[in-house]
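Here is a short briefing on a multichain model with bound ligands. Please keep the sequence and the 3D view open while reading.

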Amino acid sequence: MKRYQKKRIEIIIEAPMQARVTGLLDRMDATGYTVVPAIAGKGREGIWTREGQVSDASRMIMILCITDGAHVDEILDPLFELVSRHIGIVTVSDVEVFRTDHF
Amino acid sequence: MKRYQKKRIEIIIEAPMQARVTGLLDRMDATGYTVVPAIAGKGREGIWTREGQVSDASRMIMILCITDGAHVDEILDPLFELVSRHIGIVTVSDVEVFRTDHF
Amino acid sequence: MKRYQKKRIEIIIEAPMQARVTGLLDRMDATGYTVVPAIAGKGREGIWTREGQVSDASRMIMILCITDGAHVDEILDPLFELVSRHIGIVTVSDVEVFRTDHF
Amino acid sequence: MADIFTLAYANLVSPVVLFFVLGFAAALARSDLIVPEQIAKALALYLLFAIGFKGGAGVAEHGIDQKLMAAVLAGIVLSVLIPLIAFFILQRISKLSRIDAAAVAAHYGSISIVTFVAGTDAVTRLGLDYEGYLVAVAAVMESPPILVALLLIKGASLFKSDATAPEPGGRSELFREIALNGSIVMLIGAFAIGWITGPAGQEEIKPFIVDPFKGVLCLFLLDMGLVAGRGMRTGRQYLKPPVIGFGLIMPPIGAALGLVAAQMVGLSVGGTTLLMTLAASASYIAVPAALRVALPEAKPAISLTLSLGVTFPFNLIVGIPLYGAAAQAVAGG
Amino acid sequence: MADIFTLAYANLVSPVVLFFVLGFAAALARSDLIVPEQIAKALALYLLFAIGFKGGAGVAEHGIDQKLMAAVLAGIVLSVLIPLIAFFILQRISKLSRIDAAAVAAHYGSISIVTFVAGTDAVTRLGLDYEGYLVAVAAVMESPPILVALLLIKGASLFKSDATAPEPGGRSELFREIALNGSIVMLIGAFAIGWITGPAGQEEIKPFIVDPFKGVLCLFLLDMGLVAGRGMRTGRQYLKPPVIGFGLIMPPIGAALGLVAAQMVGLSVGGTTLLMTLAASASYIAVPAALRVALPEAKPAISLTLSLGVTFPFNLIVGIPLYGAAAQAVAGG
Amino acid sequence: MADIFTLAYANLVSPVVLFFVLGFAAALARSDLIVPEQIAKALALYLLFAIGFKGGAGVAEHGIDQKLMAAVLAGIVLSVLIPLIAFFILQRISKLSRIDAAAVAAHYGSISIVTFVAGTDAVTRLGLDYEGYLVAVAAVMESPPILVALLLIKGASLFKSDATAPEPGGRSELFREIALNGSIVMLIGAFAIGWITGPAGQEEIKPFIVDPFKGVLCLFLLDMGLVAGRGMRTGRQYLKPPVIGFGLIMPPIGAALGLVAAQMVGLSVGGTTLLMTLAASASYIAVPAALRVALPEAKPAISLTLSLGVTFPFNLIVGIPLYGAAAQAVAGG
Ligand SMILES: Nc1ncnc2c1ncn2[C@@H]1O[C@H](COP(=O)(O)O)[C@@H](O)[C@H]1O
Ligand SMILES: Nc1ncnc2c1ncn2[C@@H]1O[C@H](COP(=O)(O)O)[C@@H](O)[C@H]1O
Ligand SMILES: Nc1ncnc2c1ncn2[C@@H]1O[C@H](COP(=O)(O)O)[C@@H](O)[C@H]1O
Ligand code: NA
Ligand code: NA
Ligand code: NA
């Protein structure tokens, strides 16, 4: 079956920012996103783990967004601006999908 | 060390379908798969979050399957047929592995 | 905005090995990593699911590490040696990032 | 009539109802208050455990009633009849597609165990007793409506050989899943264990399943309020006025049928209230999940928002006192 | 003086404190003992539920005190004053950046509900009573310090139109989030329900919220010990001696202000101890999360390690008995 | 003999055993009933907390027995002896590889705290008392078998300098992990706190750790039944008949050694039953996880399925009543 080239944006960011990142994706007309939990990690701000934590403060989440290449810069520019002030990273990679109209 | 080209299939689908998708992967002789939880998301069917949910109905999961390129269409065709009737998406990307015989 | 090529290492390994893998990444000077839970899966060692499990023994986790291509073999060689004696798999793929100095 | 209002008021200011209202309001106001997912599941498991066990221990204590079989039969009949009526009404008054109408009908034919638990709480507060085996009746009412809905959509082909079924396992697998649904197994299992070990067994675990029961129920209803409120916030647009109307008139219709059935079986006033409550309640845990597999084309947001956001609060706040009053009027004295 | 030591010793060997010590030690020794995340959240929810409800039921029982409004007002004043003092001190004695100092100040202006709960435990063990509405005072003290910190950093621009705010929702969204923080909603909600349903309502759920309360608190403090110990292990390097010093002198300063305020309001000895405890305590749940959104440039490890690893143990082990003794000396007899 | 059967029957229809059976049956029938992971972990934590604390409070109450040290010593000896015997037997009767045999031996040398808890339940039901310090004995028996298994496979090289160890941390890190395993820390920690705070401390948290204990145990055994049943469904193929046979004869052998040791120490009838139960039980939480790190070449499914799917049910249903009867025959009267 024919497959179409899309981009996969993977955002790892502190949990309290979830609503703001997804809100941005909404405003940028991303067709969807999925939030995946993370349980531990390390970055420039040191080590963290979710175990026993009541607060969302020192926890990260991962947000995945599949989007069209034509659309990707539109999303990435404000996204990077938002994320850069926070603890987290953004990566972009190539993926193929079946339903090009879906994204 | 030598690395081999494989395909990474990423399936995001409603949780009640988990057994059926993994059953399909089994029947198609995928060598393995891993199921990752999702905690929230948005798609054409709207926003969902796992918080406070007792039912599996409005929850998504992510299923990863690394497989050989030669094998990939064999898996993707019935997989897409199954998934297309349900809420969810499928993406495919390139990855490298060490043990080609493993996949 | 300019994007830089990096590598994304994805390690799926049994949960009791988490500290050893992240310890190795630390010693190899990876700039960071993120641990994502898995809830179920299948491999050569059979089917597993996290449900109802008190022990970490029969559970997998996924460790993601974004790193520079120049650095990647340095990490992969000892990593593969460590992982190969255990239940689990390692994949490598291409991603783009914004801040090349971050990785 | 004064009685209904007293009852309604007492119901309204019970901690159980107020915690639901708190959760609902917090979700509408977009507070980030949540009950973690696994905790919500554990609370549900606890309620099934406790209510099932107590039901079984009750049967062990009062001896097996000749009415048990009649009540189980009545439950099955109700759970086949109600989805058919619901489907018929929806086809008349709403513009839902056949598939969506069947899905909604399945939810209303099936039962909500928390509504039942809230009913037992109200009944007990009135100083009434009820037949322990109603727990088993609740369990048998869970699944038939799913099959009714599938029959409405797929007709006789539902029972044809599933050699050609595109999905692994096919139909027979689906039937097994529906019948061995976790909440049914927990409810019936705890009921059986309560029955076997009897009042002595219940005494052993009373500080776990009886004493803290109402407090746990408050926490669970807080969570339900949160989920229902969130559902109303994000799913409102799926509910056209006729559909909301259905969510408000279907419970009394179901309750009325439940009343007739309870009279025929000869249940006590408390038991009558509870059978009415079961008939009036709509599933929001087991049926939604089963339908995602069995009827994927149905829009999940419609049934779920309606069942949890409209009918559950209606039953909790207005319905249960009403059914209690009706049961008292008809079966009492 | 003997009294303080007896009290301190009794406090030290209470199960509650010992479980904290166990957790702390286990984390320092790098044991893999953990309390799962959702369980920790559920324990916190339970404590808010129980302490809020009991507070409200207490108000219902003792009638509404004229002092309630005065106490709430005192709480607000304390929660504005304390972060300002904290910021001033930090600017003098530490080398923290303005932003980090403001963030730490926000934590110390706000309150820790578990410290409060541990305080009620100590007060009750002394046979003292306390004003139920202090729960509401605790709730109103949570958020103002966040705004104080933002004002310190952003000045008046904080309240300017947020049309140009780079973040979705902007400032007004942020204010809504801070005001409707989950723990505030749970605490105030349970307080209101306790008030409405009164002692009768409390009686119904007593085996859930009263009887097992202290045991649950032990488990929660075990978790806090684990998290605090882990924080000290990984975050120690962020805490220079002056900062640690701040974490030890700020609680008595806050407590002294709390004592003055309590005297002005006219609280009981128990109530005075608790207002002192609130003023002395530092947030480690709500404020850290809010600041990640509102002041992302602040280093989270500093405030959190200080609040949880230094000030919380200090208050739990040394502070509370001290505040109790001071309250008895000043307000007692 | 009649006694054994009465005891066995009473045991069989206890809620605790029946909930295990329910879970086992539900898993075999592939019901989707589950206990969420974090809930299962919390239940285990609760049991360790409660049983540890009660043990310590018991020691505080009855004074420190001269037999404590002897019992601890006996526990260590048993936990070194049993894995050696198990290894020897497996090498004779099964075709398991040396590594797999050593792994299984480590499981059987170590203990299962839930089996112990079920044993205390049975002992208490018989109106017998037991020595509180057996909890500490249980804790010291957890780890030595892991070292025995490593010695069997790696020989003296196990203790050589680990400068060349390929894994971060190497051996010394591994020893630390094994010794500070979460369940040991919780058990010993709660034991120590129970001892320090004594019966007064226990009184404070009794409604949390004593009253609801048996109900929580039921829920935990439901979960164990589910996990064991699932394990049997997916892991059956790893268990050849000789291996299953080992899983059934090893517990009585261990129990017999436990009986001898208990006699030498001079334990009460209840204590004898429990030391036998410990010796007969096989680990399925701590040892499996440690061996994944220490002996990765061992196939985890073998030990785990055997321990949880064969030996645990055997001990729960048949073993414990048997050990109780034997203890009564030998140590009683
Ligand atoms: N190189 C990396 N690979 C994978 N995850 C990373 C990496 N660097 C950072 N992270 C994740 O992003 C979080 C924030 O990173 P940082 O902003 O560098 O503190 C970390 O806690 C990790 O969970
Ligand atoms: N573009 C996307 N990127 C990432 N996840 C998506 C995307 N679209 C949909 N999803 C996920 O797949 C689920 C179902 O999507 P849909 O079938 O469009 O309702 C959503 O709830 C998301 O969790
Ligand atoms: N082909 C695969 N695709 C995705 N995940 C896999 C694959 N093979 C193995 N896994 C995961 O890695 C774990 C260990 O695999 P194995 O070492 O083959 O038993 C499995 O339980 C899966 O969770
Ligand atoms: Na119904
Ligand atoms: Na404060
Ligand atoms: Na043993």
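**Briefing: ligand 3, chain symmetry and the sodium site**

This is a predicted model. In it, a nitrogen atom of ligand 3 sits 3.4 Å from a polar backbone atom of B:Gly32. Ligand 3 itself lies between chains B and C. Elsewhere, a turn of 120° relates chains A and C, and chain D coordinates a sodium ion, ligand 4.

**Polar contacts of ligand 3**

- Chain B also offers a side chain: an N or O atom of B:Thr34 is 2.7 Å from an oxygen atom of ligand 3.
- Chain C contributes through its backbone, where an N or O atom of C:Glu45 lies 3.0 Å from a ligand 3 oxygen.
- On its own, ligand 3 has 480 Å² of accessible area, and the protein covers 99% of it.

**The shell around ligand 3**

- Two strands of chain B, β2 (33-37) and β5 (60-67), each give two or more residues to the shell.
- From chain C, β3 (40-43) and β6 (88-97) do likewise.
- In total, 20 residues surround ligand 3.
- Among the closest are B:Thr34, B:Ile66 and B:His102 from one chain, with C:Arg44 and C:Trp48 from the other.
- By class, the shell holds ten nonpolar, seven polar and three charged residues.

**Symmetry and chain contacts**

- Which operation lays chain A on chain C? A turn of 120° with a shift of 0.0 Å along the axis does, at an RMSD of 0.0 Å.
- This is how a three-fold axis relates copies.
- Chains A and C use different surfaces: 11% of the contact residues of chain A recur in chain C.
- Within chain A, the residue closest to the rotation axis is A:Pro37, with its C-alpha at 4.2 Å.
- Chains A and D do not touch, and their nearest C-alpha atoms are 10 Å apart.
- Chains C and E do not touch either, with nearest C-alpha atoms 10 Å apart.

**The sodium site in chain D**

- Which residues coordinate the sodium ion, ligand 4? They are D:Tyr108, D:Ser110, D:Leu278, D:Ala279 and D:Ser281, each through O.
- The coordination distances run from 2.4 to 3.1 Å.
- Along the chain, the donors follow the spacing Y-x1-S-x167-L-A-x1-S.
- D:Ser110 lies in the loop between α5 (98-109) and α6 (113-125), whereas D:Leu278 belongs to helix α13 (residues 269-280), so this pair ties together parts of chain D that are 168 residues apart in sequence.

Conventions: Residues numbered from 1 in each chain as written. Chains lettered and ligands numbered in written order. Predicted model: local features only at pLDDT ≥ 70, side-chain atom pairs only at ≥ 80, totals over all residues. Heavy atoms only, no water. Near = heavy atom within 4 Å. Polar contact = N/O pair within 3.5 Å; in protein donor to acceptor, adjacent residues only side chain to side chain. Areas by Shrake-Rupley, 256 points an atom, 1.4 Å probe, with all protein chains shown as cover. Helix = DSSP H or I, 4+ residues; strand = E, 2+ residues; numbered from the N terminus. Nonpolar A, V, L, I, M, F, W, Y, C, P; charged D, E, K, R; others polar. Least-squares fit on C-alpha atoms with pLDDT ≥ 70 in both. Contact = heavy atoms within 4.5 Å. Donors = N, O, S within 2.8 Å, 3.2 Å for Na, K, Ca; no water.
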